[in-house]
Amino acid sequence: MKQTPTKSLATQMDKGAFLQRILAIQDSMFRLAKSLLKSTEESEDAVQEVLAKLWQNMNKIATLSNIEGYAMTMTKNYCLDRLKSRQASELRLVHFKHDKASASLDKQIEYRDSVAQVFAFMEALPKLQKIVLQLRDVEQYDFETIAQITELSEGAVRVALSRARKTLQKKLIKAHQHGIETGS
Amino acid sequence: MELKQVHKYIDRYLEGETSLEEEDVLEAYFSQPNIDETLLHYKPYFTAIAQQRKQRFTGSFNPVKSTKIISLKRFTAVAAASIVGVFVWQQTFVPQQPSPEEIAFEAFKTKMYLVAEQLNKGKQGVAYIDTFNETTNKYLKTE
């Protein structure tokens, strides 16, 4: 009879510890979501959903060796699913986007600032490269963890990362030269 | 740090071969003011990632409430829908005192029904004429 209260106390402490662990990476989850979904509101919803799912399946997840990696994988998958369903609903509207020229002009003005321009370059990367770049350069995860999150081999992660960095390098050089030309 | 060394790191960085420690060194180099001309174009990138790292999740997660996942947005939507629903229900099912306009409309409606009835009678009369014409035609043809 005396053991029951101690037991429940122990599980409660575990709960607290588990909560702390998943809340410790909520910012990383949010940044990954934002890099994919762009919308702040949608990214917050995504993080909330994933946190709730983690919390509900605490008993299963707490036994995993890398809870953080698992949480990031869930975030990534959740966002990719969202993008898929978004694409499906946007497909019908494609024909209405006829003023492409003016849109790109708007973007040019918007991204005149060089740092903002970098965000635009990052946004233009293929999804997988975007994820890998985000996990490495922003979140600073090691290759093993990135491989786990992306469900790729470490080699494939390095290749994707290298491609992303090289694409950005080319665009950065071009933007820099352009800045000099117009400046003089 | 020596310029040659930075170039070496950058080359390996582009190949995805640098370690996290080496990448920290690169970031530190690009965050100081004396960046070499030949490397200046990388600066916006390192500024951008440092800036992005500062982004925080501003939502809040409450594990007690999350046993049933109801985000605030969804909750408001449901609440708004049910309020509208109750309002509509009241409008349709709770009997109300008819306004003078409604009484007038009802009176007008009954009058129009009476007019329509008379018109229908007239229509039946016209139908007789049709039959008459038919028989006349029959008569003409047989002759």
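**A two-chain model: one threonine, the interface and its aromatic rings**

In this predicted model, the side chains of B:T38 and B:D36 are joined by a polar contact of 2.5 Å. B:T38 has a second partner too: its side chain makes a polar contact with the side chain of B:H7, at 3.3 Å. The residue sits in the loop between α2 and α3 of chain B. With 44% relative accessibility, B:T38 counts as partly exposed, because that value falls between the 20% and 50% cut-offs. Looking further back along the chain, B:L3 is 35 residues away from B:T38 in sequence, yet the C-alpha atoms of the two are separated by 9.6 Å.

Now for the way the two chains meet. On the chain B side, 35 residues are in contact with 41 residues of chain A. The size of an interface is often given as the accessible area lost when the parts come together. Here, about 3,700 Å² is buried between chain B and chain A, and carbon and sulfur atoms give 57% of that area. Three residues stand out in this respect: B:Y45, B:F57 and B:F61 supply 21% of the area that chain B buries against chain A, more than any other three residues.

Polar and charged groups also meet across the interface. Between chain B and chain A there are 18 residue pairs in polar contact, counting pairs with both residues at pLDDT 80 or more. The rule for salt bridges finds 4 of them across the interface. One example pairs A:D27 with B:R56, whose closest N and O atoms are 3.6 Å apart.

Which helices of chain B each supply at least two residues of the side that touches chain A? They are α1 (3–14), α2 (20–31), α3 (43–53) and α4 (72–93). Of the elements of chain B, α3(B) gives the most to this side, with 8 residues. By residue type, the side of chain B that touches chain A divides into 13 nonpolar, 13 polar and 9 charged residues.

Aromatic rings come next. Over all chains, a search of the whole structure finds 7 aromatic pairs. In one of them, the ring centres of A:F30 and B:F57 are 6.0 Å apart and the planes are at 50 degrees, so the pair is tilted. A:F30 belongs to helix α2 (residues 26–37) of chain A, while B:F57 lies in the loop between α3 and α4 of chain B, so this pair joins two chains. Are these two rings buried or exposed? A:F30 is buried, with a relative accessible area of 3%, and B:F57 also counts as buried, at 6% relative accessibility.

Within chain B, B:F30 and B:Y42 form an edge-to-face aromatic pair, 6.1 Å from centre to centre and with 65 degrees between the planes. B:F30 lies in helix α2 of chain B and B:Y42 in the loop between α2 and α3, so the pair ties together parts that are 12 residues apart in sequence. B:F30 is buried, at a relative accessible area of 1%, and B:Y42 counts as buried with 7%. Both rings belong to one aromatic cluster, formed by B:Y13, B:Y29, B:F30, B:Y42, B:Y45 and B:F46. B:Y45 thus turns up in the cluster as well as among the three residues named above for their share of the area buried against chain A.

As for chain A, its secondary structure comes to 10 helices and 0 strands. Of its 184 residues, 40% are buried. Among the contacts in chain A with a separation of 6 or more, 66% are between residues 24 or more positions apart.

Two loop residues of chain A deserve a look at their backbone. Most residues other than glycine have a negative phi. A:Q140, although not a glycine, has a positive phi of about 55 degrees. This residue lies in the loop between α8 (127–138) and α9 (143–150) of chain A, and is partly exposed, with a relative accessible area of 28%. A:E151 is not a glycine either, and has a positive phi of about 60 degrees. The place of A:E151 is the loop between α9 and α10 (154–183) of chain A. At 53% relative accessibility, A:E151 counts as exposed, because the cut-off for that class is over 50%.

Note on methods: Residues are numbered from 1 along each chain as its sequence is written. Chains are lettered from A and ligands numbered from 1 in the order in which they are written. This is a predicted model: local features need pLDDT of at least 70, side-chain atom pairs count only at pLDDT 80 or more; totals for chains, interfaces and linings use all residues. Side-chain values use heavy atoms; hydrogens and water are left out. Contact means heavy atoms within 4.5 Å. Buried area is the accessible area (1.4 Å probe) that two parts lose on being put together, summed over both. A salt bridge is a side-chain nitrogen of Lys or Arg within 4 Å of a carboxyl oxygen of Asp or Glu. A polar contact is a pair of N or O atoms within 3.5 Å; within protein, one must be able to donate a hydrogen and the other to accept it, and residues adjacent in sequence count only if both atoms are side-chain atoms. Helices (H or I, at least four residues) and strands (E, at least two) are DSSP runs, numbered from the N terminus. Ala, Val, Leu, Ile, Met, Phe, Trp, Tyr, Cys and Pro count as nonpolar, Asp, Glu, Lys and Arg as charged, and the others, Gly among them, as polar. Rings of Phe, Tyr and Trp (its six-membered ring) pair if their centres lie within 6.5 Å; planes under 30 degrees apart count as stacked, over 60 as edge-to-face and the rest as tilted. Buried means under 20% relative accessible area, exposed over 50%, partly exposed in between (1.4 Å probe, protein chains only).
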